Amino acid sequence: MLRRGKGRSLSTDYEKEREHMVESQLARRGIKDKRVLEAMRQVPRHLFIPEDMRSLAYCDGPLPIGHGQTISQPYIVALMTELLELTGQEKVLEIGTGSGYQAAILSRLARQVYSLERHAALAQQAEKVLAQLGYDNVVVRVGNGTLGWPEHSPYEAIIITAAAPEVPQPLPDQLADGGRLVAPVGSQWSQVLVKVRRQSDLLIRERLTAVAFVPLVGEYGWKE
Ligand code: SAH
């Protein structure tokens with residue numbers, strides 16, 4: 001079962017587009033977690049996209065959301081979410097709220113989501129949409145995410161949605177035993193998706209697929 005929001009009525013055209021996105025972009029490419037597919041079917045992605053681009057909301061790619069930032073391609077959102085192995089009980093930390101869409105997906109699949117964003121205007125807009133949808137288990141804060149959010153740690157899952165030269169050192173420290181961290185790691189222009197699993201004092205690291213994210217800015221990230 002997934003968490004439900006306020007259930008505001010949605011255009012059936014968008015619902016159809018979403019259904020098509022889930023089948024053709026996600027299921028067909030190998031996303032298997034049924035709860036992830038259901039969350040992607042449920043969350044109205046178009047509401048997280050600037051109004052003049054909503055017609056493109058369910059296209060197979062990233063889109064600009066202002067301030068030089070982007071909302072990730074639906075497939076990448078689904079893939080990173082699946083890698084976090086959420087069952088519904090987790091406390092999750094996200095670095096890079098952006099539009100709030102990834103946070104919305106996480107909120108349907110976990111108990112509590114904490115999300116950090118360095119641009120106040122993006123954080124505010126994301127909070128507004130999340131509140132409208134009644135997704136009340138997400139807390140957004142303006143701040144430098146590379147330091148994590150130690151007050152609420154440990155987290156069963158951490159997701160970084162901006163590209164870093166390396167996994168910022170403070171973040172694995174905030175993972176619970178058995179917890180998973182997923183992040184794009186590499187240069188400013190191209191990265192590899194990395195998954196880290198904590199097993200007591202060991203960090204087990206896997207490299208997955210090539211991705212392209214906007215840069216993580218600040219300490220442990222890139223200069224502005
Ligand atoms: N998850 C977002 C996409 C994020 S784009 C979504 O679903 O729409 C990456 C975001 O990371 C941008 O909004 C950018 O401002 C933010 N960011 C970059 N460096 C950051 C940092 N050090 N701390 C917090 N947010 C950061």
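Which residues are buried in helix 2? The legends below take that up first, and then visit other close-ups of this predicted model.

**View 1. Helix 2 and the elements that cover it.** Let us start with the opening question: R35, V36, L37, A39, M40 and Q42 are the buried residues of helix 2. Their cover includes helix 1, helix 3 and helix 4. Look also at the N-terminal end of helix 2, which is capped by D33. There, a side-chain oxygen of D33 lies 2.9 Å from the backbone nitrogen of R35.

**View 2. Helix 3, a mostly covered element.** Helix 3 spans residues 74-83, and ten of its ten residues are buried. You can follow them along the helix from P74, Y75, I76, V77 and A78 to L79, M80, T81, E82 and L83. After helix 3 comes E85, with a positive phi near 55 degrees. The ring of Y75 has a charged visitor: the charged end of R29 sits over it, 5.5 Å from the ring centre.

**View 3. T81 and its surroundings within helix 3.** T81 belongs to helix 3 and has a relative accessible area of 1%, so it is buried. Setting aside neighbours within four places in sequence, the contacts of T81 are V36, L86, Q102, I105, L106 and L109. One of these, V36, is itself among the buried residues of helix 2.

**View 4. The tilted pair of Y14 and Y58.** The model has four aromatic pairs. In this one, the ring centres of Y14 and Y58 are 6.0 Å apart and the planes meet at 50 degrees, so the pair counts as tilted. Y14 comes from helix 1 (residues 12-27), while Y58 comes from the loop between helix 2 (34-42) and strand 1 (63-66), so the pair ties together parts 44 residues apart in sequence. Y58 has a relative accessible area of 5%, under the 20% limit, and is therefore buried.

**View 5. A ring cluster of Y114, W149 and Y155.** Y114 and Y155 make an edge-to-face pair, with 6.3 Å from centre to centre and 65 degrees between the planes. This pair links distant parts of the chain, since Y114 is in strand 4 (residues 112-117) and Y155 is in strand 6 (residues 155-160), 41 residues apart. Both partners are shielded: Y114 is buried at 11% relative accessibility, and Y155 is buried at 0%. Ring pairs bring W149 into a cluster with these two tyrosines.

**View 6. S99 in the loop that leads to helix 4.** S99 is located in the loop between strand 3 (91-95) and helix 4 (101-109). With a relative accessible area of 11%, S99 is buried. A polar atom of its side chain lies 3.1 Å from the backbone nitrogen of Y101. Beyond neighbours within four places in sequence, S99 is in contact with F48, I65, I71 and A126. While you are here, find the ring of Y101: the charged end of R45 sits over it, 5.0 Å from the ring centre.

**View 7. The ligand and the residues around it.** There are 25 residues around the ligand, and G96, S99, E117, G145 and V217 come nearest. Now for the polar details. A nitrogen atom of the ligand lies 3.1 Å from a polar side-chain atom of E94. From the backbone, a polar atom of G145 is 2.7 Å from a nitrogen atom of the ligand, and an N or O atom of V217 is 2.6 Å from a ligand nitrogen. On its own the ligand has 580 Å² of accessible area, and the protein covers 99% of this.

**View 8. R197 and its polar contact with E85.** R197 is part of strand 8 (residues 191-199). Its relative accessible area is 26%, so R197 is partly exposed. The side chains of R197 and E85 are joined by a polar contact of 2.7 Å; E85 is the residue with positive phi that follows helix 3. Leaving out residues up to four places away in sequence, R197 touches E85, G178, G179, R180, L202, L203 and I204. For another long-range landmark, try A157: the C-alpha atoms of R197 and A157 are 9.2 Å apart in space, although the two residues are 40 apart in sequence.

Notes. Residues are numbered from 1 along each chain as its sequence is written. This is a predicted model: local features need pLDDT of at least 70, side-chain atom pairs count only at pLDDT 80 or more; totals for chains, interfaces and linings use all residues. Side-chain values use heavy atoms; hydrogens and water are left out. Buried means under 20% relative accessible area, exposed over 50%, partly exposed in between (1.4 Å probe, protein chains only). Helices (H or I, at least four residues) and strands (E, at least two) are DSSP runs, numbered from the N terminus. Rings of Phe, Tyr and Trp (its six-membered ring) pair if their centres lie within 6.5 Å; planes under 30 degrees apart count as stacked, over 60 as edge-to-face and the rest as tilted. A charge sits over a ring if NZ of Lys or CZ of Arg is within 6 Å of the ring centre and within 35 degrees of the ring normal. A polar contact is a pair of N or O atoms within 3.5 Å; within protein, one must be able to donate a hydrogen and the other to accept it, and residues adjacent in sequence count only if both atoms are side-chain atoms. Contact means heavy atoms within 4.5 Å. A residue is near a molecule or strand if one of its heavy atoms lies within 4 Å of it. Accessible areas come from the Shrake-Rupley method with a 1.4 Å probe; for residues, only the protein chains shown count as cover.
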